[in-house]
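Subject: A structure for you to look at

Hi there,

Here is the structure I promised to pass on. Have a look around in the viewer, and then read on for what turned up.

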Amino acid sequence: MSSLISDDEIHHEVDLVWLEDITALDYVRQSLDRLPTRRGKPAYHRDGRLVGYAQLGPQAKPSRSSGTFRRRVFWLLPHDRDTVPEGLYNSGAPAEAVDPTTLTPGSKGRKTERSERPARVAGA
């Protein structure tokens, strides 16, 4: 979850690569994945689609036990708001979701009114 990502886990990020126009997305899900490289497009093994990923600088060290790097990936599931606007996340957002416009390298981003989209009041 986004709230479980700490700044010290992502401070070696040097760039965020977006595979889609994030201005069209109210939110993206983010997670830290163990990946074999510091840079480049990671393999994607979830339902839905990969929206973006972080690239790490040369100072990022791999795990001593696995040799992998912890990198952020940004993704969406088939039932997220961009695909099903009146669905489960018509209002509110998943726990691991943030407004993509608040993301920068080394900063975990945050939820905003845009990402949380309050429920609409009937007749409003």
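Strands here are DSSP runs of E at least two residues long, and they are numbered from the N terminus. With that in mind, Gly40 is easy to place: it sits in the loop between β2 and β3. Please remember as you read that this is a predicted model.

**Gly40 and its partner Gln55**

Let's stay with Gly40 for a moment. Is it buried, exposed or something in between? Its relative accessible area is 28%, so Gly40 counts as partly exposed. Leaving out residues up to four places away in sequence, Gly40 touches Tyr53, Gln55 and Arg71.

Gln55 deserves a visit too. This residue belongs to strand β3, and with a relative accessible area of 10% it is buried. Gly40 and Gln55 are 15 residues apart in sequence, while their C-alpha atoms are 6.9 Å apart in space. A polar atom of the Gln55 side chain lies 3.0 Å from the backbone nitrogen of Gly40.

Which other residues does Gln55 touch? Not counting residues up to four places away in sequence, its contacts include His12, Glu13, Val14, Arg38 and Arg39. Val98 gives you another distance to try in the viewer: it is 43 residues from Gln55 along the chain, and the two C-alpha atoms are separated by 19 Å.

**Glu13**

One of the residues touching Gln55 is Glu13, which is found in strand β1. Glu13 has a relative accessibility of 8%, so it counts as buried. Its side chain makes a polar contact with the side chain of Arg72, at 2.6 Å. Beyond residues up to four places away in sequence, Glu13 also touches others, among them Ala54, Leu56, Thr104 and Pro105.

**Salt bridges**

How many salt bridges are there? The count comes to 12. A good place to begin is Asp26, which forms a salt bridge with Arg81; the closest N and O atoms are 2.9 Å apart. Asp26 lies in the loop between β1 (13-18) and β2 (28-35), and Arg81 in the loop between β4 (69-76) and β5 (97-98), so this pair ties together parts that are 55 residues apart in sequence. The accessibility of the two partners is worth a look: Asp26, at 22%, counts as partly exposed, whereas Arg81, at 3%, counts as buried.

Asp26 also forms a salt bridge with Arg117, where the closest N and O atoms are 3.0 Å apart. Arg117 is in the segment after α1 (113-116), and Asp26 is in the loop between β1 and β2, so the pair ties together parts 91 residues apart in sequence. Arg117 is partly exposed, with a relative accessible area of 22%. If you follow these links further, you will find a network of salt bridges that joins Asp26, Arg81, Asp99, Arg114 and Arg117.

Another salt bridge brings together the side chains of Arg49 and Asp82, at 2.4 Å from N to O. This pair links distant parts of the chain: Arg49 is in strand β3 (residues 49-56) and Asp82 in the loop between β4 and β5, 33 residues apart. Arg49 is partly exposed at 27% relative accessibility, and Asp82 is partly exposed with a relative accessible area of 32%.

**Val84**

Val84 is also in the loop between β4 and β5. At 35% relative accessibility, this residue counts as partly exposed. Val84 touches Pro78 and His79, again leaving out residues up to four places away in sequence. Phe74 is 10 residues from Val84 along the chain, with 18 Å between their C-alpha atoms.

**The largest pocket**

Last, some empty space to explore. Rolling a probe the size of a water molecule over the atoms shows where such space is left. The largest pocket holds about 190 Å³. Which residues lie nearest its centre? They are Glu9, His12, Lys61, Phe69 and Arg70, out of 14 residues that line the pocket. Sorted by class, the lining has five nonpolar, four polar and five charged residues.

Enjoy exploring, and write back with any questions.

Best wishes

Note on methods: Residues numbered from 1 in each chain as written. Predicted model: local features only at pLDDT ≥ 70, side-chain atom pairs only at ≥ 80, totals over all residues. Heavy atoms only, no water. 1 Å grid on protein atoms, 1.4 Å probe; cavity = no way out; pocket = protein on both sides within 12 Å on 5 of 7 lines; lining within 4 Å. Points joined across faces, edges and corners; volume = space filled by probe spheres on them. Nonpolar A, V, L, I, M, F, W, Y, C, P; charged D, E, K, R; others polar. Salt bridge = Lys/Arg side-chain N within 4 Å of Asp/Glu carboxyl O. Helix = DSSP H or I, 4+ residues; strand = E, 2+ residues; numbered from the N terminus. Buried < 20%, exposed > 50% of the residue type's maximum accessible area, 1.4 Å probe, protein only. Contact = heavy atoms within 4.5 Å. Polar contact = N/O pair within 3.5 Å; in protein donor to acceptor, adjacent residues only side chain to side chain.
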